[in-house]
Amino acid sequence: MADIQGFYDDLFLAVPTAFAGMLDAGDAGGSVAVLVDGEPVVDVWGGYADAGRTAPWRRDTIVNVWSVTKTMTALCALVLMDRGDLDPDAPVARYWPEFAAEGKDKVLVRHLLAHTAGLPDWDGSVEDLYDWPAATARLAARAPRWEPGTAAGYHSLTQGFLVGEVVRRVTGRGLGEFLADEVTGPLGADFHIGLPAGHDHRVAPAIPPAGRDEDYTSSAPGGPADSEAGNGVRVRDGNSLAWRRAQFPAASGYGNARSVALVQSVLACGGEVNGVRLLSPAGCDRAREEQFDGHDRVLGMPTRWGLGYDLFGDACGWGGWGGSLVMIDPGSRLVVAYVTHQMREPAEDTRGMEIVTAAYEGVQGLR
């Protein structure tokens, strides 16, 4: 069995066992955390932080979690809503007047979070993503693909700019700064959007699936042929220094399973973790208010969207390109996070849900 570092409660033995099996099956490295009542019952890591398998994955190794970043962006918006600074039922143009162009005056803030705004496609280059004012102006000038609020289509890159610009207009701070000041800083969570250079030595670069190279491109499995959902982002783009430094609130968050689980425990624990309150209980419940239930036009599959989170049963969460995932279950006050840099083909990747299933074996033992 692969060598696993860290600790776990014996009731949750199935979690590190499942994780070790993934490393034994060929994965390079990763980390797993399970928190109950905001306290860790599993915090393990293992494998290697590089493709050559010479550098061990360490306790403080961090990785780009891709679209798991969206859960951090959503939490920032929920905090502002809870404070009364952001109205989910307000037109986006109330905060961002230029956004009203091309018939978008009736797009609501909640539509941005629920992927129902009709702006799923990025029509610029990867390099254009690095210019925040130009990227947001490009989106403000676009017409929606459908009547906002009537359909859903996963906004894989655009959601971060859309929600992030609203946060910037409300607070005067970029999403990464707001997250650091108001969320991760108070919690002491090692998660970053816009990674400072001083953390570069801790990053485990993304490793493409077997048989692929760094030109491997993101895509939406099952998505319609005319969808731009993948947006042409390659593994080599995500591994670049430019990507680390830029703020893409939809896809450029860096952290480990411990930090992801700690932040999202805010939703699992009624808004307060380790004596730090970020949300009211009602503010937490808002995340799981169903906004859409049906066929996602971009993902090509059924989805239930809440405010920034995918809904499954009474739980919520989301995953990222490459396999990272977070699941939040307020009923059990449980959060499960799995973070990896070892990509697999999306249609064949069940690792995150295997970890979640293993975690529930431990939850049953607590009852």
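Which residues does Leu 187 touch, not counting residues up to four places away in sequence? Good morning, colleagues. The model before you is a predicted one, and I shall begin with that residue. Leu 187 touches Leu 262, Val 263 and Val 266, and also Val 273, Val 276 and Leu 278, with residues up to four places away in sequence left out of the list.

Leu 187 belongs to the largest nonpolar core, which has 90 residues. It is among those with the most contacts inside this core, together with Leu 112, Trp 243, Leu 267 and Tyr 309. Helix H2, residues 69–83, gives the most to this core, with nine residues. A second, separate core has 24 residues, including Ala 2, Val 44, Met 327 and Tyr 338.

I turn next to strand S2, residues 29–36. Eight of its eight residues are buried, so the strand is largely enclosed by the rest of the structure. In a regular strand, side chains alternate between the two faces of the sheet. In S2, Gly 29, Ser 31, Ala 33 and Leu 35 point one way, Gly 30, Val 32, Val 34 and Val 36 point the other way, and all are buried.

What are the neighbours of S2? Strand S3, residues 39–47, runs antiparallel to S2 and is joined to it by eight bridges. Two residues lie between these strands in their hairpin, where Asp 37 takes a positive phi near 55 degrees. Strand S14, residues 334–340, also runs antiparallel to S2, with seven bridges joining the two. Gly 30 illustrates both pairings: its bridge partner in S3 is Gly 46, and in S14 it stands opposite Thr 340.

S2 appears again when we consider helix H12, residues 351–366. This helix of 16 residues reaches 24 Å from its first C-alpha to its last, close to the 22 Å expected at 1.5 Å a residue. Its buried residues are Arg 351, Gly 352, Ile 355, Val 356, Ala 358, Ala 359, Gly 362 and Val 363. Seen down the helix axis, the buried residues fall within an arc of 165 degrees, so they line one face of H12. What covers them includes helix H1 (14–24), strand S13 (325–329), S2 and S14.

Finally, there is an open sheet of three strands, in the order S4-S6-S5, with antiparallel pairing. Its edge strands, S4 (63–64) and S5 (192–193), each pair on one side only. Two bridges join S5 to S6, residues 253–255, and Ile 193 has Gly 253 as its bridge partner in S6. Thank you for your attention.

Technical notes:
Residues are numbered from 1 along each chain as its sequence is written. This is a predicted model: local features need pLDDT of at least 70, side-chain atom pairs count only at pLDDT 80 or more; totals for chains, interfaces and linings use all residues. Side-chain values use heavy atoms; hydrogens and water are left out. Two strands pair if DSSP finds at least two bridges between them. Helices (H or I, at least four residues) and strands (E, at least two) are DSSP runs, numbered from the N terminus. Buried means under 20% relative accessible area, exposed over 50%, partly exposed in between (1.4 Å probe, protein chains only). A nonpolar core is a set of buried Ala, Val, Leu, Ile, Met, Phe, Trp, Tyr and Cys residues joined through side-chain atoms within 4.5 Å. Contact means heavy atoms within 4.5 Å. The expected span of a helix is 1.5 Å times one less than its number of residues. The arc is that of the directions from the helix axis to the C-beta atoms.
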